[in-house]
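Here's a walk through how the parts of this model fit together. Have the structure open as you read, and we'll go from the chain contact down to the domains.

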There are 2 protein chains.
Amino acid sequence: QEEVAYIFDKYHLISAPIVDAAGRLVGQITVDDIVGVIQEESGEDILALAGVSDAGRDATIYEIVKSRLPWLILNLATETLAVSVIGAFQEEITKLVTLAIIMPIVASLGGNAGTQTLAVAVRSLAARELNAANALRIVRREMTVGVLNGGALAIVMAAALYVFFHDPKLSLTVALALVVNLFVASVAGILAPLTLEKLGRDPAVSSSVFVTFVTDFMGFLSFLGLASLILL
Amino acid sequence: QEEVAYIFDKYHLISAPIVDAAGRLVGQITVDDIVGVIQEESGEDILALAGVSDAGRDATIYEIVKSRLPWLILNLATETLAVSVIGAFQEEITKLVTLAIIMPIVASLGGNAGTQTLAVAVRSLAARELNAANALRIVRREMTVGVLNGGALAIVMAAALYVFFHDPKLSLTVALALVVNLFVASVAGILAPLTLEKLGRDPAVSSSVFVTFVTDFMGFLSFLGLASLILL
């Protein structure tokens, strides 16, 4: 369906013949059918990225729960794995409880940056703008953007923390952790959908749970790890 | 543009006349134009939800950073506000550092549930399936789904924690916090886009930063607040 819609859009077709294996005409697809298909497909990408299958407008409560709960359970599992890294730094957190306040910021910003990269990648793959020929260039571009955005956020955050805590080592720790996590977020955000596409899977489905896991895990690990090296 | 595409889809039009104020024919729109418009618009919703404007396939690094950094700065601000609630519970965290490990799970699951509701709402609004006539019914349905999903996750999580920590009060605290946060997530996920739509704004833009703020804030507040009441 998506393939047919893409061809109609690319060649500005109004209708296309359907032929059987022997080349005999058996029907036709009109652009009219395609409009509905495109609306449908694009909606599916939005839902897939958010981890929900379409239960339909008149779905019962049971059908909706069934369409969303598996994703939440999967998220519970990956998030449990991600926070397990915090367990390794319990001693550090007890010494400096500020760490527990700052660590969700590093994780959350990574998650957001990863989601941005992922959304652009999924959209580019659907529009056939991202392919094997330019993948390497796009991956390098995303990495650079990740480091630059990480650097910008690092400056803002380090300065704000310095105003409050007057601790240059705390500012340095957060700044480094932000650059590391936004770089990792960009890499995950572009490589996850590219890998799924290469494996012949829908890149919109299951990319985001993976990206969120990576950015949470790395957010906690980079910040708490650097804190135990630099700060304590 | 979106409105025209919707009308073409609804009435299965192939072309439509364009008339001036006096009713004279000045041109026509064909379904051919519409296919491109729909591809474009639906892609915009995906990008808007992820907090990134379309910089185009040949965008420079500078243009990409410019299209993503403002959202990340906004996210830094709201996330700082959300984690400030953790600061009020520093004493509790020092006493029981396990709280710092579990609190991101409650926040993250709320964020995911809110994003699911939001994606479905944005899609339903775009497809004109969600409107003033059925909004109340849909809001109530989302609230019920939130409580049920929250309840299901609460049972899984409470049981898993009991196996590890043998502390029924800890299990109860997490369970209650999950139900509260997933209920709040559902309410935010449906009311944010409905409110923006009512104000004549694009519901896909800026809904998600609000929903994430609410679920993080409430995730930390409900879990740490309940912990200080029940657990300590």
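Let's start where the two chains meet, bearing in mind that this is a predicted model. On one side of the contact sit 75 residues from chain A, and on the other 76 residues from chain B. How much area is buried between chain A and chain B? It comes to about 6,900 Å², and carbon and sulfur atoms give 67% of that. If you'd like a few residues to click on, try Arg68(A), Gln116(A) and Arg123(A): these supply 11% of the area that chain A buries against chain B, more than any other three residues.

Next, the polar side of that interface. How many salt bridges does the rule find across the interface of chain A and chain B? There are 2. In a salt bridge you can pull up right away, the side chain of Glu142(A) meets that of Arg68(B), with 2.8 Å from N to O. Beyond salt bridges, you'll get 18 residue pairs in polar contact between chain A and chain B, counting pairs with both residues at pLDDT 80 or more.

Which elements of chain A give two or more residues to the side that touches chain B? They're helices: α1 (2–11), α2 (31–50), α3 (61–87), α4 (90–95), α5 (98–126) and α6 (135–165). Sort the residues on that side of chain A by type and you get 41 nonpolar, 19 polar and 15 charged.

Now let's stay inside chain A. Its domain assignment gives domain 1 (2–50) and domain 2 (75–231). Taken over C-alpha atoms, the centres of these two domains of chain A are 37 Å apart. Where they touch, 6 residues of domain 1 are in contact with 10 residues of domain 2. The area buried between domain 1 and domain 2 of chain A is about 670 Å², with 57% of it from carbon and sulfur atoms. On the domain 1 side, Tyr6(A), Asp45(A) and Leu49(A) lose the most area to domain 2, together 71% of what that side buries.

What about polar links here? The count of salt bridges between domain 1 and domain 2 of chain A is 0, while the rule does find 1 residue pair in polar contact, both at pLDDT 80 or more. The elements that give two or more residues to the domain 1 side are α1 and α2 of chain A. That side of domain 1 divides into 3 nonpolar residues, no polar ones and 3 charged.

Note on methods:
Residues are numbered from 1 along each chain as its sequence is written. Chains are lettered from A and ligands numbered from 1 in the order in which they are written. This is a predicted model: local features need pLDDT of at least 70, side-chain atom pairs count only at pLDDT 80 or more; totals for chains, interfaces and linings use all residues. Side-chain values use heavy atoms; hydrogens and water are left out. Contact means heavy atoms within 4.5 Å. Buried area is the accessible area (1.4 Å probe) that two parts lose on being put together, summed over both. A salt bridge is a side-chain nitrogen of Lys or Arg within 4 Å of a carboxyl oxygen of Asp or Glu. A polar contact is a pair of N or O atoms within 3.5 Å; within protein, one must be able to donate a hydrogen and the other to accept it, and residues adjacent in sequence count only if both atoms are side-chain atoms. Helices (H or I, at least four residues) and strands (E, at least two) are DSSP runs, numbered from the N terminus. Ala, Val, Leu, Ile, Met, Phe, Trp, Tyr, Cys and Pro count as nonpolar, Asp, Glu, Lys and Arg as charged, and the others, Gly among them, as polar. Domain bounds come from an automatic or database domain assignment.
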